[in-house]
Structures are given as structure tokens and as C-alpha cells.
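Visitor: Please take me through the reading of a structure, feature by feature, with the general idea given before the particular case.

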Amino acid sequence: MITTAGAQVPQAFVRALQSLRRPRLRPGLELEEVPAPVRVAPFAAALAGTLAHVARPDEELADGRFIVLHDPEGRDDWQGDFRVVTLVRAEIEPDLSSDGLLGDVAWSWLLESLADRVGEVVALGGTVTRSINQSFGALDEQPDTIELEIRASWTPTSPDLTAHLHAWSDLLGAVAGQPHLPEGITSLDEHR
């Protein structure tokens, strides 16, 4: 879903959005257009994604958002006129929650995804958060859950965002324990 500040949509933004319609992404990933942030940039579009297990489609493994922002005037903090903003979330194993390297490892998944699919990006930044959810009262019987969340943004060097969407898809898979595999290679877990 595109949001605009009432101005005519620039061709560069139109081309960027068209590049998001082409890719065939990983199996199990469902995308839908959702409302984009309205105050961050004059032009914005957002996708929400849910990654399900290939063999068990009802089992959601991870979810997230992929947002494209465009300001034809450019932004100093972006170091450009486009910005990709991403969010990836997944429940993780309880024993991982106390691992001091979890944040570093999760950030490395993002760096690897970008390096493998995109190459160079500008002004990359973000956070890795882990949260522990404990239930009380009427919900006391529910087990504790630990969630990992990666928020990141960067400036692409081109308005063709196909590779950026693939990198985000790979990051969803990595967080869900389903890393990107080369063409023709299938995970043994998918056959169990």
C-alpha cells in the first residue's frame, strides 16, 4: 500500500515498487501490502511477510515488515533519497535467550544476507532485541516465550530493490532456522 504526501508519485519510486513485484521468493513466504508509515517520508510503501514451515504450512516460523521510503529531496541522515526499513521477528529456543553473543550472531545474519544478495548499502544501522514473555494469572499455564527481533535500515545504491527484498527474505529464513540454500539443495528438515 503506497502512501504519499499528496504529490505526484515520482518515476524513481514507481520503478522501485515495480522491482518488488518481480521476485520469486523462498517457499513458505507469504507477502501482503500493508499501510506504510505516513510521516516519515513523502512516499512510502510497506509489505508484511509471514514465513511458514514448508512441510507444515500452518506452522509460522517468522514474520516481519519490508518498508520503502522515498524523499526526492534526499535526506542527509539517509545519505540518499531512498531508505529500506526492515523488521524481522521469530520465537527462539529458551536456552538461546541468555547467550551473550545472540545479538552479534543475529546482526551477522543481516550482514551476510545483504552481502550475498545486495553487496553495497549505505548508512546501515539497526538493533537486535530479545524479549522474554512470561504469563501470569489466567494465562499462567502458557509456557514462557522468547522472541528475537531485528530492526534495520539502510540506503540502497539503486532504486532496483529486488535484491534487497531477497536479502530480507533470507534474513527471515535465518532467524527462523531455515537459512537460504543454494539452488537444487534441500534441507533434510523439510523431509522429516
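Guide: Let us begin with the vocabulary: helices, of at least four residues, and strands, of at least two, are DSSP runs, and they are numbered from the N terminus. Please keep in mind throughout that this is a predicted model.

Visitor: How many helices and strands does the secondary structure of the protein come to, and in what order do the elements run from the N terminus on?

Guide: The protein has 3 helices and 7 strands, and, read from the N terminus, their order is β-α-β-β-β-β-α-β-β-α. Of its 192 residues, 40% count as buried, and the protein exposes about 10900 Å², of which carbon and sulfur atoms supply 49%. If one takes the contacts between residues at least 6 apart in sequence, 66% of them join residues at least 24 apart.

Visitor: What does the span of helix H3 come to, from its first C-alpha to its last?

Guide: Helix H3, residues 162-175, reaches 20 Å with its 14 residues, and this is close to the 20 Å expected at 1.5 Å a residue. Because 13 of those 14 residues are buried, H3 is largely enclosed by the rest of the structure. After the helix comes Gly177, with a positive phi near 80 degrees.

Visitor: Which general expectation should I hold about the sign of phi?

Guide: Most residues other than glycine have a negative phi. Gln79 is not a glycine, yet its phi is positive, at about 60 degrees; it lies in the loop between strand E4 (60-75) and E5, and with a relative accessibility of 55% it counts as exposed. Ala123, also not a glycine, has a positive phi of about 55 degrees, but its place is in strand E6, residues 122-133, and at 25% relative accessibility it counts as partly exposed.

Visitor: How many salt bridges does the structure hold?

Guide: The general idea is that side chains of opposite charge can pair when their charged atoms come close. The structure holds 6 salt bridges, and one of them joins the side chains of Arg21 and Glu33, with N and O at 3.2 Å. Arg21 lies in the loop between helix H1 (11-19) and strand E2 (29-34), whereas Glu33 is in strand E2 itself, so the pair ties together parts that are 12 residues apart in sequence. Arg21 is exposed, at 60% relative accessible area, while Glu33 is partly exposed, at 42%.

Visitor: Is Asp71, which meets Arg75 in a salt bridge, buried or exposed?

Guide: Asp71 is buried, with a relative accessible area of 9%, and its partner Arg75 is partly exposed, at 25%; the N to O distance of this salt bridge is 2.9 Å. Arg75 has a further placement to notice, since it lies over the face of Trp78, at 4.6 Å from the ring centre. Another salt bridge joins Glu59 and Arg56, whose closest N and O atoms are 2.6 Å apart; here Glu59 is partly exposed, at 31% relative accessibility, and Arg56 is likewise partly exposed, at 36%.

Visitor: What describes a pair of aromatic rings?

Guide: Such a pair is described by the distance of the centres and the angle of the planes. The count for this structure comes to 2 aromatic pairs. In one of them, the rings of Phe13 and Phe43 have their centres 5.9 Å apart and their planes at 40 degrees, so the pair is tilted. It links distant parts of the chain, as Phe13 belongs to helix H1 and Phe43 to strand E3 (residues 43-52), with their positions 30 residues apart in sequence. Both phenylalanines, Phe13 and Phe43, are buried.

Visitor: Let us finish with a single residue in a strand. Which residues does Thr86 touch, not counting those up to four places away in sequence?

Guide: Thr86 is found in strand E5, residues 80-92. With that sequence limit applied, Thr86 touches Arg65, Phe66, Ile150, Arg151, Ala152, Trp154 and Trp168. Thr86 counts as buried because its relative accessible area is 4%, and buried means under 20%.

Conventions:
Residues numbered from 1 in each chain as written. Predicted model: local features only at pLDDT ≥ 70, side-chain atom pairs only at ≥ 80, totals over all residues. Heavy atoms only, no water. Salt bridge = Lys/Arg side-chain N within 4 Å of Asp/Glu carboxyl O. Buried < 20%, exposed > 50% of the residue type's maximum accessible area, 1.4 Å probe, protein only. Expected span 1.5 Å × (residues − 1). Contact = heavy atoms within 4.5 Å. Areas by Shrake-Rupley, 256 points an atom, 1.4 Å probe, with all protein chains shown as cover. Phe/Tyr/Trp six-rings, centres within 6.5 Å; stacked < 30°, edge-to-face > 60°. Lys NZ or Arg CZ within 6 Å of the ring centre and 35° of its normal.
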